[in-house]
Structure formats: structure tokens, C-alpha cells
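The exercises below are meant to be worked through with the sequence and the model side by side. Please try each task before reading its solution.

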Amino acid sequence: MAVGTTRAKRRLGRYVKPILERAALKPAEVAERVKTSKDTVNRLLSGDHLPRYPTFLAIMTILKATEEELTEGTALWERANVDAVVVEHASTLLSGYLRFRMDEGEAIGERSLDPMLIPGILQLGEYAEELGRRGLILTEGRGWTARGAAERQERQLLLSRDAAPLQLHALIDESVLHRVVASRELMADQLTHLLGVGRQDNVTLQMIPFDIGAYGAHFGALVLLDYPEPDEPLSVYVESYNGTKVVEDKRAVGMLTAVWDHAAQFALSPELTAQRIREVRDTRYA
């Protein structure tokens, strides 16, 4: 079973909530009748944990779920019980970042906005490792510098997977091209890598130029993930000093989606972006 929350677990939790409301029972009351802990019921509802099937079945029975609801709930439980996405070294990743990685692995589309760094999914391993040495740690304890390259390579495989490659639309600030990470030689390689990935049909790379000035998105990286199911809400993640955080409030999700859309209006076309990347590489890092 997958570590931590997953989309399938959250779908199951969303399915059970209205059944709980109809039963007019509180989680503590359900837990008492099922002879389990209140945390088990609450974590089922939040999608943070999948109870064993006998416990889940007992919960649905206490809630007087219909035969149809039990059939659908069982199908959702079975999907949640399978690792849809396998993340290497999952136990070492911080919880917020692990949740992001698992959601990204199931997404069909990713829109990102990064005003400070090359987006993670487009970083060379050496670039990621240097960020780790400078303090941007995404793992528990030590060891990011030894695994940073492999972690980035694992993410980049999403862009070339056989089944529905991830559709990436990345917005980057022009300052990102000028910020020297590790060395000028590495930056030349990193910009060459951007140019190569940007030629893929499923990747759209656009730069927001200096002369635009302030455009309202200077607070850290923003990532929007879209999924194949039409009724599945998108996932929104932001980066801060406290790490990668999910945003679930509907109003905030709408606001951050508007932030990305607004920034995209100021971005250069993919063709002009590629031209500008080549110019910076060939002049600043030659």
C-alpha cells in the first residue's frame, strides 16, 4: 500500500463523507461502534490512511450504506489499496513533497510557475544537488546531494512515459536564466537541457521577460496538476520556506489558478523563449 495520502484514498474519503452525513453520526460515534480508533475514521475521511478492508466494511455497515454504495465503495477501496505510483526512496521524502510526487505521477497535465529557479522537473541532477548543498532539502535527514540527480531523473521520465506522457507547460522568470547555480559551466549545460526538453511536443516552455516588471507572482514556485478524470479537482502546490504545501481551499485554488493564467499573458512565445535561452547561454555562459 502506498505511503501517506494518495488521490485514490482522497476519492474514497470524499465518497464516504456524504454517507456519514446522511447517517447523522460523528466519527467518534462510528469509531466506538466499530471498535476502532477515532483517528482511523478521521484519516479515512481525509484520505490520509486506508483502513483494512474488514474495518472499512464495518464502517460502511454502521453507516447503513446501500448495496450500491457498498459496491462502489469497495471498488474505490480496492483502487486505493494499490500503489498507483511508485516513488523511489519514498520513506525518506518529506510528507508534503511525497504527496506532490505521487500526485504528479498520476497527473496528465502540469502547469508550473517559478520566479526564482529552474522548475524541478527540468533540473539537471547537478543543479538539484547544488540546491541541496545550499539548503533546499526535500528529504528527511541527510542524503539529498547523493540522491538529488536520481530523483530529478525519475521525475523527468514522466515526460517520456509510454502511456500518456505528462503535458508540461512551464513558465519561468528571465532571472532564472541569469542566476548562477554551482558554476557557469553547469548553467550552460542546464540551459542546453532546457532547449532540448522544450522541443518535445508535450512540453511548452515560456519565459517572462525582465521588461514586464512586476506581474504579481513573486512568492515561490506554483504547480497546478490536472488529472484524466473530468470530475477530479486539480491539485495545487506552492513552495515556501516550510517546504511543498498543498492548497485545498476552493477560493485559494481559484486565486492561484488565476495567478498562473495572469502570468502566462506576459510570457514570450515558446519560439522567442528558446531564442532568449540560447542568447543567454552563448553570451553569459560561453
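**Exercise 1.** Is Arg99 buried or exposed?

*Solution.* Keep in mind throughout that this is a predicted model. Begin by finding the residue, which has its place in helix 6. Next take its relative accessible area, which is 13%; because buried means under 20%, Arg99 counts as buried. Finally, look at what surrounds it: leaving aside neighbours within four places in sequence, Arg99 is in contact with Thr5, Arg10, Tyr237, Val246 and Glu248.

**Exercise 2.** Describe the overall make-up of the protein, and then locate its largest nonpolar core.

*Solution.* Start with the elements, of which there are 12 helices and 6 strands. Then consider burial, where 49% of the 286 residues count as buried. The accessible surface comes to about 14600 Å², and 53% of this surface belongs to carbon and sulfur atoms. As for contacts with a separation of 6 or more, residues 24 or more positions apart account for 73% of them.

Now turn to the interior, bearing in mind that in soluble globular proteins nonpolar side chains tend to be buried together. The largest nonpolar core holds 39 residues, and those with the most contacts inside it are Leu122, Tyr127, Leu159, Leu177 and Leu194. Among the elements that give two or more residues to this core are helix 6 (95-106), helix 7 (125-133), strand 2 and helix 12 (270-284), while helix 10 provides the largest share, 7 residues. Apart from this core lies another, of 20 residues, which includes Val16, Val30, Leu50 and Trp77.

**Exercise 3.** Which residues does Leu122 touch, not counting residues up to four places away in sequence?

*Solution.* Recall that Leu122 is one of the residues with the most contacts inside the largest nonpolar core. Under the stated exclusion, Leu122 touches Gln156, Leu159, Leu168, Ala170, Gln190, His193, Leu194, Val197 and Leu205. Comparing this list with the core, one finds that Leu159 and Leu194 are also named among the residues with the most contacts inside it.

**Exercise 4.** Find where Lys35 and Ala164 lie, and state what is notable about their backbone angles.

*Solution.* The background is that most residues other than glycine have a negative phi. Lys35, in the loop between helix 2 (27-34) and helix 3 (38-46), has a positive phi of about 65° although it is not a glycine. Lys35 counts as exposed, because its relative accessibility is 75%. Ala164, in the loop between helix 8 (144-156) and strand 2 (167-173), likewise is not a glycine and has a positive phi, of about 50°. Because its relative accessibility is 48%, Ala164 counts as partly exposed.

**Exercise 5.** Take two pairs of residues, Pro228 with Ala164 and Asn81 with Ala8, and set their separation in sequence beside their separation in space.

*Solution.* First place Pro228, which lies in the loop between strand 4 (222-226) and strand 5 (235-240) and, at 47% relative accessibility, counts as partly exposed. Pro228 and Ala164 are 64 residues apart in sequence and 10.0 Å apart in space, C-alpha to C-alpha. Not counting residues up to four places away in sequence, Pro228 touches Arg7, Glu106 and Ile108.

Then place Asn81, which lies in the loop between helix 5 (67-80) and helix 6 and, at 29% relative accessibility, counts as partly exposed. Asn81 and Ala8 are 73 residues apart along the chain, and their C-alpha atoms are separated by 8.3 Å.

Note on methods
Residues numbered from 1 in each chain as written. Predicted model: local features only at pLDDT ≥ 70, side-chain atom pairs only at ≥ 80, totals over all residues. Heavy atoms only, no water. Helix = DSSP H or I, 4+ residues; strand = E, 2+ residues; numbered from the N terminus. Buried < 20%, exposed > 50% of the residue type's maximum accessible area, 1.4 Å probe, protein only. Contact = heavy atoms within 4.5 Å. Areas by Shrake-Rupley, 256 points an atom, 1.4 Å probe, with all protein chains shown as cover. Core = buried A, V, L, I, M, F, W, Y, C linked by side-chain atoms within 4.5 Å.
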